Amino acid sequence: MFSYDTIQHIAAILKFENNQTYLKSILGNYHETDWEKLVKIGSHHLVLPPIYCRLKQKKLLDILPKDLNNYLTELTQINRNRNNAVFGQVKELSSLLRQQNIEHVFLKGMALISANYFEDPGERMIGDIDILVKESQLKEAASLLLRNNYEYKTSTFGEKYFEYHHDLSLISKDGGLAPVELHRHILHSHYDKFLISQNVLENKENYHNIFIPSKYHILENIILNFEINDYGHIYNTIGIRNMYDYICSTNSISQNILESLFKTSKFHALFIKKTHFYFNNFKIFELKNNHKFIFYLFGIAQKKVFFKNIRNYWAKSRILMNIVSIRVKLLILNANYRKEVWKDRNRVTKLFLFKLFK
């Protein structure tokens with residue numbers, strides 16, 4: 001069974017429509033290798049907990065092999081417990097920031113969990129706690145966390161010379177489970193115009209004293225974080241967790257708003273169209289002619305492994321060349337940067353190789 005088929009089946013599991021009969025006919029014929037592939041792809045895309053939760057909601061857990069059922073049950077419970085603990089950390093951070101009148105919103109996974117976008121808090125796997133802070137208050141927010149038992153993780157080489165869209169990660173010395181990333185921007189700086197941070201802050205909503213973006217901005221964050229920050233538009237691919245975040249966030253959104261979102265930019269249009277490729281219960285919007293070929297290539301890469309590998313190598317090369325060109329320019333123009341690169345040359349080499357072969 002091809003990966004394309006497995007992703008189709010995962011999408012069918014994650015859909016909110018009543019499709020139990022279809023799933024029984026598909027999953028009932030799974031062999032051991034099919035289940036192994038589903039677990040491998042689901043794990044890679046961080047969607048094993050929602051797969052379990054949707055099968056449970058659809059009363060289809062008995063289709064799973066017993067050992068897999070036990071594994072997913074335990075995994076989801078561990079993730080649920082972790083998310084509840086991280087949510088407690090979020091409430092503490094929210095209280096700290098509000099007491100100091102620091103303008104902020106929580107982003108991404110914790111924003112979705114805070115506003116109850118998921119039926120079960122164990123569905124969404126969370127890495128960092130992402131917080132957008134008003135840029136003029138970023139240093140104040142970092143100092144506040146440092147005074148409250150947070151510390152910086154290992155620094156990233158060159159942070160003195162580049163303005164990243166978020167500050168260095170902070171970790172709690174009091175046992176907080178999730179690192180904290182304070183964002184000055186939501187997107188990489190040269191893409192700011194697609195999601196202006198100040199607009200997000202000005203239109204924030206309050207859920208139980210936790211500030212999160214408006215419903216519209218949450219959708220934009222899901223789309224643009226993947227397409228731009230995670231290079232989805234360069235790889236011309238899609239992530240299952242991102243698609244699931246999107247469909248969970250569109251349950252109460254009208255078709256008119258979705259159509260408006262679709263027309264905003266090529267990033268919005270292609271993300272929604274790629275999501276529709278697997279979750280075809282959305283109204284089909286028509287791509288502009290110059291985007292149709294990009295979507296056509298996406299469809300080929302989903303079904304042809306050889307073409308997918310070529311696409312990945314090309315995308316990695318494009319991203320790496322962009323990074324190298326920026327660094328070379330800085331090497332030529334900045335003597336201090338040259339000295340630091342030479343002094344820390346072993347680490348720079350390792351970072352380069354990691355970017356090349358990851």
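A nonpolar core here is a set of buried Ala, Val, Leu, Ile, Met, Phe, Trp, Tyr and Cys residues joined through side-chain atoms within 4.5 Å. This is a predicted model, in which local features need pLDDT of at least 70 and side-chain atom pairs count only at pLDDT 80 or more, while totals for chains, interfaces and linings use all residues. Residues are numbered from 1 along each chain as its sequence is written, and side-chain values use heavy atoms, with hydrogens and water left out.

**View 1. The largest nonpolar core and its best-connected members.** Welcome to the interior: this core has 95 residues, and I51, I129, I131, V180, L182, Y246 and Y278 touch the most other members. Helix α5 (residues 66-99) gives the largest share, eight residues; helices (H or I, at least four residues) and strands (E, at least two) are DSSP runs, numbered from the N terminus. A second, separate core has five residues, including I234, Y235, A315 and I323.

**View 2. The surroundings of I51.** Neighbours within four places in sequence aside, I51 is in contact (heavy atoms within 4.5 Å) with I10, I13, L14, L38 and G42.

**View 3. The salt bridge between R54 and E119.** Nine salt bridges are found in the structure, each a side-chain nitrogen of Lys or Arg within 4 Å of a carboxyl oxygen of Asp or Glu. In this one, N and O are 3.1 Å apart. R54 sits in helix α4 (residues 48-57) and E119 in the loop between α6 (108-114) and β2 (129-133), so the bridge ties together parts 65 residues apart in sequence. R54 is buried at 1% relative accessibility, whereas E119 is exposed at 58%; buried means under 20% relative accessible area, exposed over 50%, and partly exposed in between (1.4 Å probe, protein chains only). R54 and E119 also belong to a salt-bridge network with E123.

**View 4. D120 paired with R80.** The closest N and O atoms of this salt bridge are 2.8 Å apart. D120, in the loop between α6 and β2, is linked here to R80 in helix α5, 40 residues away. D120 is buried, with a relative accessible area of 17%, and R80 counts as buried at 17%.

**View 5. D130 paired with K108.** Here the closest N and O atoms are 3.6 Å apart. Because D130 lies in strand β2 and K108 in helix α6, the pair ties together parts 22 residues apart in sequence. D130 is buried at 5% relative accessibility, while K108 is partly exposed at 30%.
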